[in-house]
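These are my notes on the model you sent, set out as numbered points. They are meant to be read with the structure open beside them.

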Amino acid sequence: MSKDYYDILGVSRNASDDEIKRAFRQKAKQYHPDANPDDANAEARFKEVNEAYEVLSDDDKRSAYNRFGENWRHYQNFNGESPFGGGGEVPFTDMSDIFETIFAGAGGRRGGYYNRADFPRAGRDIERAVHISLREAYEGAKRVVSKDGRDITVRIPRGAATGTKVRLAGEGQPGANGGSPGHLYLVVEVGEDPQFERVDDNLYVDVKVDALTAMLGGEVEVPTLERPLRTRIRAGTQTGQKLRLAGKGMPKLRKGDAYGDLYARVMITVPRELDADQRAQAEALRESLT
């Protein structure tokens with residue numbers, strides 16, 4: 001599908017230079033990869049916006065584009081003259097005719113014309129997996145990546161989850177014929193934690209509560225990824241009930257000081273052994289309850 005640079009920037013074909021510049025700034029801000037870290041479509045749109053502005057902000061390129069459309073580059077390769085002679089006029093009404101003439105036959109140049117392979121091409125993006133622990137996802141982490149004999153220190157942001165991508169701009173495959181290099185993406189994999197379970201930005205942890213505290217109410221200690229906290233439980237608490245500690249879950253990725261919640265799942269425990277006196281009291285309590 002052909003690209004319409006005016007449509008990409010959202011301006012009319014007779015837009016002024018200032019209008020084009022304003023439209024570019026707005027679109028670039030909207031689709032910038034830093035504002036859309038996990039959106040591959042936004043990055044593609046960002047590249048289109050840059051490409052459109054590069055052409056429409058240059059008088060010569062814009063003139064060639066207005067005349068030849070998306071294939072303006074082929075026109076420029078002939079220094080502003082028609083590859084078909086005749087003082088610059090193109091004797092075709094369909095641009096597909098031009099391509100059939102320019103690219104007919106074998107690859108490479110033919111009759112002084114350029115093959116598609118002669119034009120700049122962006123390099124491919126690269127992805128690498130990077131493993132971190134849940135605690136590193138909570139606190140943020142650093143990793144050193146080796147690339148072309150260089151060591152690059154990369155910061156993994158707080159709140160990263162499995163699948164989060166960290167972009168190293170321009171560290172992908174090199175471009176061809178002067179094209180821009182691709183990007184290197186570190187794809188985060190967060191390991192399982194032996195104590196905490198993560199669901200989105202929330203954490204879950206099991207907390208043992210003795211039977212009497214569960215019956216009568218009281219305080220229990222709940223572990224968090226920072227330090228243990230004491231919280232009250234109501235009388236009559238049952239096994240499986242969840243105690244919510246607001247804001248004690250995972251940091252929310254790229255959302256400032258926002259955190260998820262921590263849920264403590266109650267696990268009621270009973271003594272394994274009782275002496276004779278304790279057993280008698282427990283029997284009396286059972287009889288009174290039933």
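1. Helices and strands here are runs assigned by DSSP, a helix having at least four residues and a strand at least two, and both are numbered from the N terminus. With that in hand, T164 can be placed in the loop between β3 (150–156) and β4 (165–168). Please keep in mind throughout that this is a predicted model.

2. Is T164 buried or exposed? With a relative accessible area of 6%, T164 is buried, because buried means under 20% relative accessible area. Leaving aside residues up to four places away in sequence, T164 touches D38, L186, V187, V188 and L253.

3. As to the overall make-up, the protein has nine helices and 11 strands, and 34% of its 290 residues count as buried. Among contacts with a separation of 6 or more, 51% are between residues 24 or more positions apart.

4. The largest nonpolar core has 33 residues, and those with the most contacts inside it are I156, V188 and V222. Apart from this core lies another, of 21 residues, among them Y5, L9, Y31 and V55. In soluble globular proteins, nonpolar side chains tend to be buried together. V222 is worth following in the viewer: not counting residues up to four places away in sequence, V222 touches V205, V207, R227, P228, L229, T231, L245, L262 and A264.

5. Helix α2 (residues 17–31) has 15 residues, and the distance from its first C-alpha to its last is 21 Å, close to the 21 Å expected at 1.5 Å a residue. The residues I20, A23, F24, K27, A28 and Y31 of α2 are buried. Seen down the axis of α2, these buried residues fall within an arc of 130 degrees, so they line one face of the helix. An α-helix has 3.6 residues a turn, so residues three or four places apart point the same way. The buried residues of α2 pack against α1 (5–9), α3 (40–56) and α4 (59–68), while the face of α2 turned away from its buried side carries the exposed residues R22, R25, Q26 and K29.

6. A similar reading can be made of α4, in which K61, R62, A64, Y65 and F68 are buried. These residues cover an arc of only 165 degrees around the axis, which puts them on the same side of α4. The exposed residues D59 and D60 are carried on the face of α4 turned away from its buried side.

7. An open sheet of three strands has the order β1-β5-β4, with mixed pairing. Why is one side of β1 and of β4 left without a neighbour in this sheet? β1 (126–132) and β4 stand at the edges, each with a single partner strand, so each has one side that no other strand of the sheet adjoins. The twist from one strand to the next averages 25 degrees. The pairing of β1 with β5 (residues 184–190) is parallel and runs over seven bridges, with A129 standing opposite V187 in β5.

8. Strand β2 (residues 141–147) is joined to β3 by seven bridges, and the two run antiparallel; the bridge partner of V144 in β3 is T153. The hairpin of β2 and β3 has two residues between the strands, and there D148 takes a positive phi near 55 degrees.

9. A hairpin is also formed by β6 and β7, again with two residues between the strands, and their antiparallel pairing spans three bridges, in which E197 stands opposite Y204 in β7. D200, in the loop between β6 (197–199) and β7 (202–210), has a positive phi near 55 degrees although this residue is not a glycine. D200 counts as exposed, at 65% relative accessibility. On its other pairing, β7 runs parallel to β11, joined by eight bridges, and V205 has A264 as its bridge partner in β11; V205 and A264 are also among the residues that V222 touches.

10. R254 deserves a separate look, since this residue too is not a glycine and yet has a positive phi of about 55 degrees. R254 is found in the loop between β10 (242–245) and β11 (262–269), and with a relative accessible area of 44% it is partly exposed.

Technical notes:
Residues are numbered from 1 along each chain as its sequence is written. This is a predicted model: local features need pLDDT of at least 70, side-chain atom pairs count only at pLDDT 80 or more; totals for chains, interfaces and linings use all residues. Side-chain values use heavy atoms; hydrogens and water are left out. A nonpolar core is a set of buried Ala, Val, Leu, Ile, Met, Phe, Trp, Tyr and Cys residues joined through side-chain atoms within 4.5 Å. Buried means under 20% relative accessible area, exposed over 50%, partly exposed in between (1.4 Å probe, protein chains only). Contact means heavy atoms within 4.5 Å. The expected span of a helix is 1.5 Å times one less than its number of residues. The arc is that of the directions from the helix axis to the C-beta atoms. Two strands pair if DSSP finds at least two bridges between them. Axes are lines fitted to C-alpha atoms, for helices over the stretch in contact, and angles run from 0 to 180 degrees between N-to-C directions.
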